[in-house]
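Trainee: Before I use these labels in my own work, could we go through them one at a time and ask what justifies each?

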Amino acid sequence: MKTALVTGATSGIGKAVALHLAKEGIRLVINGRRTERLTELKSEIESAHPSKVYVLPFDVRVCGEVERALNSLPEAWKEIDILVNNAGLAAGLDPLHQGVIEDWERMIDTNIKGLLYVTRIVSPGMVARKAGHIVNIGSIAGREVYPHGSVYCATKHAVDALSRGMRMDFLPYGIRVTQICPGAVETEFSLVRFKDDRRRADKVYEGYTSLVADDIARAVCYAVMQPPHVDIQDVLVMPAAQAGAGMFYKNG
């Protein structure tokens, strides 16, 4: 049975990915900062599926914490076959000259450094075994740039570059690298971006049918369930009502 590590599994895409992988019979190491939510997800999965779940709370932004947590895994859980680098966020929507530096640091530390820290600890085992699959959750913001979102877009452009670079570095070791890039997905994303301002967050999804977390989880499962000689390298998943990072057709 394969083992997958999913970061940011407490809600949204990460939680949906964990649930879908469990349906495929994959064991799960689930990560996030909210231990109570991880414990609830473990119970939900194990009550519905034969897959076992290991709860591993840590903050991907803190390198020492990442290293300690992953190195603390019991021997039976140390071999990670699938890594889903999902943890990520947007914070604020300000023009650059009014940007909040704490928001910038939060996005850079989570979206770029966190992905790197986790991959750096997990990937040597894959290299040694000459097998593994890394899935990075990117964004349409990693292909385009929109007003007031330059720093978030920069972090997701970095995920795109890292995904392509990883694919080259890991090519001799049989490690597949997939990037899944969602468009607008209705999760906690906008609520986090607007710092719990529900009115602003809800407005983002008005007038059209957005994606939901399950849509992205199905794309992740499709990629990881391919035979070993197939690498689904890059997938862009958009709502039918979205043609670009800031281009939507909204009713009314």
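Mentor: What follows takes up burial, contacts, salt bridges and the sheet in turn, and the model we are discussing is a predicted one.

Trainee: Why is Asn 111 called buried?

Mentor: Asn 111, which is found in helix H4 (residues 101-129), has a relative accessibility of 2%; buried means under 20%, and therefore Asn 111 counts as buried.

Trainee: What makes the link between the side chains of Asn 111 and Thr 155 a polar contact?

Mentor: The two side chains are joined at 3.0 Å, and the limit for such a pair of N or O atoms is 3.5 Å, so the label applies. A polar atom of the Asn 111 side chain also lies 2.9 Å from the backbone oxygen of Leu 89. Both partners appear in the list of residues that Asn 111 touches beyond four places in sequence, which includes Leu 89 and Thr 155 as well as Gly 88 and Tyr 152.

Trainee: How do you know that the buried residues of helix H3 (residues 63-71) lie on the same side of H3?

Mentor: The buried residues of H3 are Val 66, Ala 69 and Leu 70. They cover an arc of only 90° around the axis, which puts them on the same side of H3. Strand E1 (3-6) and H4 are among the elements that cover them.

Trainee: Why is the pair of Lys 42 and Glu 46 called a salt bridge?

Mentor: Their closest N and O atoms are 3.1 Å apart, and since the criterion asks for a side-chain nitrogen of Lys or Arg within 4 Å of a carboxyl oxygen of Asp or Glu, the pair meets it. Both residues lie in helix H2 (residues 35-48), 4 residues apart, about one turn of the helix. Such spacing is informative because residues three or four places apart in an α-helix point the same way.

Trainee: What makes Lys 42 and Glu 46 partly exposed?

Mentor: Partly exposed covers what is neither under 20% nor over 50%, and with Lys 42 at 27% and Glu 46 at 29%, both take that label.

Trainee: How do you know that Arg 164 and Asp 160, which also form a salt bridge, have the accessibility labels they do?

Mentor: Arg 164 has 46% relative accessibility and therefore counts as partly exposed, whereas Asp 160, at 13%, counts as buried. Their salt bridge is 2.9 Å from N to O, and both residues lie in helix H5, 4 residues apart.

Trainee: What makes the salt bridge of Asp 234 with Arg 143 a link between distant parts of the chain?

Mentor: The closest N and O atoms of this pair are 2.6 Å apart. Asp 234 is in strand E7 (residues 234-237) and Arg 143 in the loop between strand E5 (132-137) and helix H5 (150-169), 91 residues apart. Asp 234, at 41%, counts as partly exposed, as does Arg 143 at 37%. The structure holds 12 salt bridges.

Trainee: Why are strand E3 (53-55) and E7 said to stand at the edges of the sheet?

Mentor: The open sheet of 7 strands has the order E3-E2-E1-E4-E5-E6-E7, with parallel pairing. E3 and E7 each have a single partner strand, so one side of each is left without a neighbour in the sheet. The twist averages 15° from one strand to the next.

Trainee: How do you know that strand E2 (residues 27-30) pairs with E3?

Mentor: Pairing needs at least two bridges, and because 3 bridges join E2 to E3, the two strands qualify as a pair.

Note on methods. Residues are numbered from 1 along each chain as its sequence is written. This is a predicted model: local features need pLDDT of at least 70, side-chain atom pairs count only at pLDDT 80 or more; totals for chains, interfaces and linings use all residues. Side-chain values use heavy atoms; hydrogens and water are left out. Buried means under 20% relative accessible area, exposed over 50%, partly exposed in between (1.4 Å probe, protein chains only). Contact means heavy atoms within 4.5 Å. A polar contact is a pair of N or O atoms within 3.5 Å; within protein, one must be able to donate a hydrogen and the other to accept it, and residues adjacent in sequence count only if both atoms are side-chain atoms. The arc is that of the directions from the helix axis to the C-beta atoms. Axes are lines fitted to C-alpha atoms, for helices over the stretch in contact, and angles run from 0 to 180 degrees between N-to-C directions.
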